[in-house]
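Subject: Structure handover

Hello,

Here is the structure we talked about. Please open it alongside this note; what I found follows below.

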Amino acid sequence: MTLGAAEQWARSLIPPIKLGRSKLSQWVNGTNVPSAAQEFALLIQELEKRAEQKSSRRRQGVPHWELLRSQAATSPRDGAEQAKASSRGRTGASSSRKSKQGLPCQVGDRPRRATAFQHRPEAALLSPGLAATEAGPVPSVVLTGMAGVGKTQLAAEYVRSVEQDLDVLVWVTATSRASIVAAYAEAAVTLCGADPSDPERAARMFLKRLNAPGQQVLRWLVVLDTLADPAHLNHRVFPSLLPDASTHGHVLITTWRREAPSFPAEYIQVEVPAFGPETAQDYLHRYLSQFNRHESPEELSALAADLEYLPLALAQAAAYVVTAGISCDDYRRRLAQKKLAVVLPDPSAMPDGQSVTVDATWALCLEYANRLRPAGLAEPMLNLAAMLAPEGIPQAVLQSGPARTFLTASAHSMETADEPAVLDVDDCADALRALHRLSLLDYDPTDSVTAVRVHQLVQRSTRESLAPERLQACARAAAKAVCEVWHERVDSPPLAEAMRSNALALIKCAKDALWMDYEAREVLSLPGASFYADGYLTAAAAYFKDLVAEAEPRLGHEHKQLRRFRLACGRAQRESGDTQGAEATLTILRDQLTALLQSSPGSVDLDEYADASQELARAQGFSGSPETARDTLLALQQMLEGEGFPPQRTLGIRHDYALWLLESNQTSAARKVYEQVLEDKLSLLGSEDPETHMTQFELARTKLLMGEVAGAAADLAELLPKQQRLLGASHPETLKTMEEAVRARAVAEQDPRIAADGLAEALAIRLRTQEPTDPWVLHTRMDRIMWRHWANTCAESPDREGTDQAIEELRRLLADMDKALSPGDPIIRRTRHYLRELRRFKRHADKLGPAEAARRMGARFTITTVHRGLS
């Protein structure tokens, strides 16, 4: 843009801005920048728009240029101009002090101490000063960490602790090589009388003077604050801008960069983390107290957690709270509802002399990361990681096929990118390393479960910088990546939990985008499926119930995905104990499918209808209506006859039909069906299939109910080791067989202690692997109480307090059941029956003694198999 065009453009604005030719000339030549925020923002926007139109150069945004402007304003001026200023004694913010002997010398000013400064353990890792250095060189230190963790304040506090012992202090904001050279040159003018017109030569003189032999020993400290790129320290003219190791001086560097090979091996690298919870809370308390603001510890703790304890974010949030005159709770509400940029202070209200917001600093870090090889991949990789769980993203997700496809497309669209073919997993790893090097995330490739960790504010800032179309593309890619890994690679509980956390994080930040894409929509059901698979049945039921409620208005009540969500909801409700809720959910689904079969048969396949009917029958039976469940499955079998339904599928329906025959007291008919089903399963599936084992279990249970105790005990004893080998000792089906086996053996050997001890062992395993409210856990607790009481009653010297203890345990158990299960659940009815029997037993024992009471009550205690209503 020409000066005339810029001047004309400024006059056309409403209100107009007066830009004289002299001012514009300074701006264009780079000797000055506008100080007024409006002028600066408008100029940047116009120039970037024109640059994009002319050369397709991607816009950096006003915050990026504001950050560079502020850093330039606080850095020593470059080159000859800086040296000339030094020679005239005009150093602006960078004041030089000189004694009669030319000492001491100071270039640059350390930042003032932050309000409510917090002493941190990392300070102890810095060099202890210059007092005890005769043993060898003073170690130099590199403070690394993400932008905003407080590295500069740590460095400044260290300087305050040693500056009284120094002869030379150089503090430079090392955002460029020129700024470092200029600061060194200024010091050289003071120390060596160097020629200010040749800053490169003057800088070399400064470095030599620090450790010059035969001259007065100088105690010195060089602080390179916010070193943007370690490459700035090296140049073809001379090897390094780092002073040599010395016994009387050292270097302190703060940087976002994690570049161990870029610094001398003897440099100590200290990773600076965010505050801990207690330190963050104390910081907020002390900061706000200085403005006569007092908040409860709970409110401060909650705000600190929302900001994930990042010092710079805490400082800017506290400043906003004070300036806006709001409470911490109000700020948290705004933080949750508004964009991050809106809830950070404006430039006039920045705390502690800060000039830019934390999100602008991260934007600059990302710019540097995106330049690293493979060029152009760091930004889209961070876009993708910003959609997932901050506490840990499995490496497989960010290296999956959908992730590589997304990165490839993004790289092709960026002018800074290398020309990639199809990216491989190594390219993905290199992009993650680039972000790790700039401290935008933590990357540990040796941890397959939580290899990538990202601060939640970095994620939020990244997401909020994306255009809506870009956000949707990131969400879709992340969803497909999560689904691919979920279906192909989840092979351990820690990985399953991590995948669930990532799916939940993605849904929270991009739910609307996910609902808009059919393939991405699959990820919406994964958390519920994960809860269900891991045994968190109550959580699974609650999740699917909410999902169904949200899906219906979005998809329409006949949509196939909504039907899948409803089926999963009903199954989880039933297995969590909410059998009545399950019956209601599945009745809606079955009736809907029936209507669709009649109106448009092609829209529903028989497999879907059979699944819904089978689940409905289970809900009906477990709600206490086994006859209804039996009739539902009989009608289903009749409907499927002649439809060519797969024989293996019909086996499951026939198996369930036999169960509800048994629960309807049609024991002989149930046994006949079980025997037919077992014969067909052995033929189709073989003797090692878990489905075959389920029918063998039910047949043994039926024999036990028919009084064939020895045969049932033998069948269960033969089945148990097979299930332990194939399914594992803690699998629900294995535990079910284990419990039934000890019951059968106790009855066969007339020794209730066998069942009491075996059920105690099974309960311990269940409590390690299942929710305390799981119906099976509740049932095993009930059975153990009764068998233990019966064992005590049959002992030679029964404990008279044993019955009171059993009654109290059953009362507590009933209270837990009432919270977890539907009213009228078969387990609740059975437990209440046992409680009545125990109270009757206690009355007899008080009158006649335990032995006689046991003899009279023995017939009432029919120790049977697994309670009716569970299978």
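Start with helix 7, residues 177-192. Helix 7 lies across strand 1, strand 3 (168-173) and strand 4. Its direction is at about 155° to strand 3. Bear in mind throughout that this is a predicted model.

Next, the sheet. Six strands form it, and the sheet is open. The strand order is 1-3-4-5-2-6, and the pairing is parallel. Strand 1 (105-107) and strand 6 (268-271) are the edge strands. Each of these two pairs on one side only. From one strand to the next, the twist averages 10°.

Strand 5 deserves a closer look. It spans residues 249-255. Is this strand enclosed or open to the outside? Seven of its seven residues are buried, so strand 5 is largely enclosed by the rest of the structure. The cut-off for buried is under 20% relative accessible area. The side chains split by direction. Gly-249, Val-251, Ile-253 and Thr-255 point one way from the strand. His-250, Leu-252 and Thr-254 point the other way. Both sets are buried.

Which strands pair with strand 5? Strand 4 (residues 220-227) does, in the parallel sense, over six bridges. Two of the residue pairs are worth marking on your display. Val-222 has Val-251 of strand 5 as its bridge partner. Leu-227 is partnered by Thr-255 in strand 5. Strand 2 (residues 141-144) also pairs with strand 5. Four bridges join these two strands, which run parallel. Here, Leu-143 has Thr-254 of strand 5 as its bridge partner.

Now move along the chain to a helix pair. Helix 20 covers residues 493-515, and helix 22 covers residues 537-555. How do they sit relative to each other? Their axes come within 13 Å and cross at roughly 15°. Angles under 35 degrees count as roughly parallel. Helix 20 and helix 22 are therefore roughly parallel to each other. The crossing of helix 20 past helix 22 is right-handed.

Which residues make the contact? From helix 20 come Leu-504, Ile-507, Lys-511, Asp-512 and Trp-515. They meet Tyr-543, Leu-547, Glu-550, Ala-551, Arg-554 and Leu-555 in helix 22. By class, the contact between helix 20 and helix 22 has seven nonpolar residues, four charged residues and no polar ones.

That is the handover.

Best wishes

Conventions:
Residues numbered from 1 in each chain as written. Predicted model: local features only at pLDDT ≥ 70, side-chain atom pairs only at ≥ 80, totals over all residues. Heavy atoms only, no water. Axes fitted to C-alpha atoms, helices over the stretch in contact; angles between N-to-C directions. Parallel < 35°, antiparallel > 145°, perpendicular 65-115°, else oblique. Left-handed = near helix turned anticlockwise from the far one by under 90°. Contact = heavy atoms within 4.5 Å. Nonpolar A, V, L, I, M, F, W, Y, C, P; charged D, E, K, R; others polar. Buried < 20%, exposed > 50% of the residue type's maximum accessible area, 1.4 Å probe, protein only. Pairing = 2+ DSSP bridges.
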